[in-house]
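Colleague: I'm new to this one and would like some help reading it. Could you walk me through a few features?

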Amino acid sequence: MQHKVIDAKDVVIRFAGDSGDGMQLTGTLFANTSAVYGNELSTFPDYPAEIRAPHGTVSGVSGFQVHIGSSDVTTPGDYCDMLVAMNPAALKANAKWCKRTATILVDEDSLTEALIQRAGFKTDNPFTELKVDDRNLIVAPITTLTEESLKDSGMDKKAIDKCKNMFTLGMACFIFDRPLDYTFEYIEKKFAKKHPEVVEPNKKVLRDGYNYAANLQMVADTYHIAPAKLKKGTYRNITGNQATAWGLMAASEKSGLPLFCGSYPITPATAILEELAIHKYLGVKTLQAEDEIAGVCTAIGAAYAGNLAVTTTSGPGLSLKSEALGLAVMTELPLVVVDVQRAGPSTGIPTKTEQTDLGQALYGRNGECPMPIVAAHSPAHCFNAAFNAAKIALEHMTPVFLLSEGFLGNGSEPWLIPSMSDYPEIKPPFATSVSEDGKFHPFERDENFVRKWALPGQKGFEHRVGGLEKNHEGVLSSDPQNHQLMVDERAAKVQKIADFIPELEVDGPEKGKLLVVGWGGTYGHILSAINEIRSAGKQVSRVHFDYIVPVPRNTRKVLESFDTILVCELNSGQFAGYLRTLYPGLNIKSFGKVQGQPFLVNELVNAISKEI
Amino acid sequence: MATLSFKDFKSDQEVRWCPGCGDHAVLAALQRALPQVSAACGYEKERYVVVSGIGCSSRLPYYMDTFGFHSIHGRATAISTGIKVANPWLTVWQACGDGDALAIGGNHFIHAIRRNIDINIILFNNQIYGLTKGQYSPTSKLGAITKTSPYGTVEHPFNPGSLVLGAKGTFFARSLDVELKLNEEIMTAAAMHDGCSVMEMLTNCVIFNDGAHRSLSDPAVKADHTIVLRHGEKMIFGKDRDKGLVYDGRELRVVKIGENGITEDDILVHDAHTNYVGLHMALADMKGPDYPVALGVIRDVRDITYDDGVRDQVKEVTAKAKIHNMDELLHSGSTWEVK
């Protein structure tokens, strides 16, 4: 076969191996290298719940997909141009994600009878059995070559085998024309202090992998992906969970209030708590509570005492917090509740992504208990979404949901670093005066139905709050009319937030036959699908909701301008149902998917095309 | 600083506990103790926050003219923890019942004790669920006949004292609702204690469990059925002050002074400040008919507190930090320029 250098607009690479093979690190390093090189990119870690599932089995395969390109990279990609499979199980689990033209790189040393059997193959030829023998196969003895590369390093066999991923990364860097500098730098930073003896071996094995691939030019094509034409400025790569943590910290800085996070570890939200715990030097306090309930309750206590309070969780944890969220609604205290959604119900599929907690966020509390809901739409957007959620909470004295998704939390993308001077100040409604009777009335409201915030320690403002119904003065009341009034006012306060959030922007004509609606992490996939449909000459409009409660002020006007509204979401139609309740009579259809996986662009293209 | 009196801590809300309920007396003791705490520590009134969960006793914050938070069932300890960590300057008091703290809120209770967060927990133990009208609680005696145990309970009760000490509690005291003076003393000591203080108040539920603690409160027998422990004082009790506690190398024993050659010198001296928990555990576990029930401050030891730990760690890492604000953080680590 003739070697070619392919000029590609974009490529998708999927790294897959045993969950102990270091595929998440390999993928992350490859992504970061591409980011520094100047590509647009999007990543999608796809890993099992087991930390170290049985070696060589399909259930233990951990994958990391990277989509790099010179323009319009909005999703991690549906199918890959290259699959790196460290063993037969990784090949079996991922072959279905390979394009017809894909290159498949497999560790030849793993193609043993035992491992082929353990992966559940019926024959001794995995390639034929999976019907991928017509792809561009590179079968390289990666384990042997790694051992050979490091035989003089003084490392034992176990340690050497752990470097297989670096050898593979070196190969990928050659094939996709990536420089090694970034990974060299990473290795130096990571190991220089604690394990200086492994710095050189790791760099060597990476370089040897690179050179080995260079000598393979006889059989494999290489790719060139030009840097993207990005807006000028300083960039960094960021995951959604990191961006969420930083957005909350930014809100803490802009409000002048210390950040308090009461939380309990839960996949896939834990990284937010971990990230916040690092930044105590910016005044962040993290409390790893004894359970989810204590997580939210310590946060409510911290809110009462005047901190910017946050609790982070995922679906099952949110279920446990429900009662306390009612307390936060009733006491009208500012609180940000981050739900990084995962596949449910119950424990579900913890490491897989979904948008199935929307109903719980909307309705999952006793009594009339409205809470604003903000949704993040990409990993980097988590920063702004978290900042905005905190701003609403603090300025409108209410608990606020920030809905993220496993796909966003673990995924990453390059981010043009903003300047904090571009962000508004956050001004909570602190109480400065008492009422005519000389007392502070905690539930008297301003024109936006927002109450004042008096902090313990504030002389003369002693008052009581709690879960019982009360009147404006804060005196307990079971009077029927008062209860109706307070219920109505709490709801009006939440609806009034619509005056403070941006209106919907329609992508495409503002009137027409079909409007495609999305919210949250489906943003990139829907955008790609719409672009594909438009490039085929068809007309369709699109709108994406970053705010779900309240909806933007122009929502009715936007929706009414279309004959059909197609809501695409990773659940069985929860947002579609919500919109139908708000706007009965509109032709609102639903396209849902509940497989623990993001949409594929082509399934969206098909679903949308059917409605045109 | 103006001197505060008990009136300063009385709110204008009508107290709605049943006439004869033991909670009235505990509230009165608290309203009398806090002015003493303020005088001793220089605390202004606005420094106090009173937190509660759900239950009869959890109404208490409404009756205190301080900052107050009446939360949800079982979660008072978690709310208190958040308040104290958010603002360690505040002095946090908590009212909770035996169901609130030991059943639905048991997890938060033991973890607050384990963390040794500086909050003052008054545990109202009436051995019954009052607000829901008479079901058994985790401290109801084995065999207790209640609405949900018409044939008697078949489960063992918690002894709050052993639970607190088992969770490495640094302060535990016990008293009875009617012991107004002793309760002021205990509450003042708890306020002075830097760490998690648990005060078990044996209270009488006049409607659903009347007389549950009568053998400890009845003036005719209480001197023989209880012993008031004070640090540095001999463990002597009895109507005639002729009984005492000795340790025979294996267990605590009740002895009579003047019999079998026992003199006052043989009687144990209470050391609330010793780290050794064994004797405190034995004292907290004592019950009739063989032993008197121990009242007073049983354990009061120093240890690092959670709130200090959080604050000091923030201070320490802030002093060393190379990053001082968000803009610096955003540009830290791996970044690249697009020109």
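**Reading helices, strands and a sheet**

Modeller: Sure. Let's begin with two helices: H7(A) and H9(A) are oblique to each other, because an angle that is neither roughly parallel, roughly antiparallel nor roughly perpendicular counts as oblique. Keep in mind that this is a predicted model.

Colleague: At roughly what angle do the axes of H7(A) and H9(A) cross?

Modeller: Helix H7 (residues 164–175) of chain A and helix H9 (residues 199–215) of chain A cross at roughly 45 degrees, and their axes come within 7 Å. The crossing of the two, H7(A) and H9(A), is right-handed. As for who touches whom, H7(A) contributes residues including A:Met166, A:Phe167 and A:Phe174, while H9(A) contributes, among them, A:Val205, A:Leu206 and A:Tyr212.

Colleague: Now a strand. Is S13(A) largely enclosed or open?

Modeller: Strand S13 (residues 335–341) of chain A is largely enclosed by the rest of the structure, because 7 of its 7 residues are buried. Look at the two faces: A:Leu335, A:Val337, A:Asp339 and A:Gln341 point one way, A:Val336, A:Val338 and A:Val340 point the other way, and all are buried.

Colleague: How do strands hold on to each other, and which strands pair with S13(A)?

Modeller: In general, strands of a sheet pair through backbone hydrogen bonds, either parallel or antiparallel. Here, strand S12 (residues 308–313) of chain A pairs with S13(A) in the parallel sense over 4 bridges, with A:Val310 standing opposite A:Val336. S13(A) is also joined by 7 bridges to strand S15 (residues 399–405) of chain A, again running parallel; there A:Val338 has A:Leu402 as its bridge partner.

Colleague: What do S12(A), helix H13 and S13(A) make together?

Modeller: A right-handed β-α-β unit, in which helix H13 (residues 315–331) of chain A joins S12(A) and S13(A).

Colleague: And how many strands are in the open sheet with mixed pairing?

Modeller: That open sheet has 9 strands, in the order S17(A)-S2(B)-S1(B)-S3(B)-S4(B)-S6(B)-S5(B)-S11(B)-S7(B). Its edge strands, each pairing on one side only, are S17 (464–466) of chain A and S7 (226–229) of chain B. From one strand to the next, the twist averages 20 degrees.

Colleague: What packs on that sheet?

Modeller: Helix H10 (residues 278–285) of chain B does, touching S5, S7 and S11 of chain B, and its direction makes about 150 degrees with that of S11(B). Within the sheet, S3 (residues 91–97) and S4 (residues 119–125) of chain B pair in the parallel sense over 6 bridges, and B:Trp93 has B:Asn120 as its bridge partner.

Key. Residues numbered from 1 in each chain as written. Chains lettered and ligands numbered in written order. Predicted model: local features only at pLDDT ≥ 70, side-chain atom pairs only at ≥ 80, totals over all residues. Buried ≥ 20, exposed ≤ 12 C-beta atoms within 10 Å, placed from the backbone. Pairing = 2+ DSSP bridges. Right-handed = clockwise from strand over helix to strand, strands pointing away. Axes fitted to C-alpha atoms, helices over the stretch in contact; angles between N-to-C directions. Contact = placed C-beta atoms within 7 Å. Parallel < 35°, antiparallel > 145°, perpendicular 65-115°, else oblique. Left-handed = near helix turned anticlockwise from the far one by under 90°.
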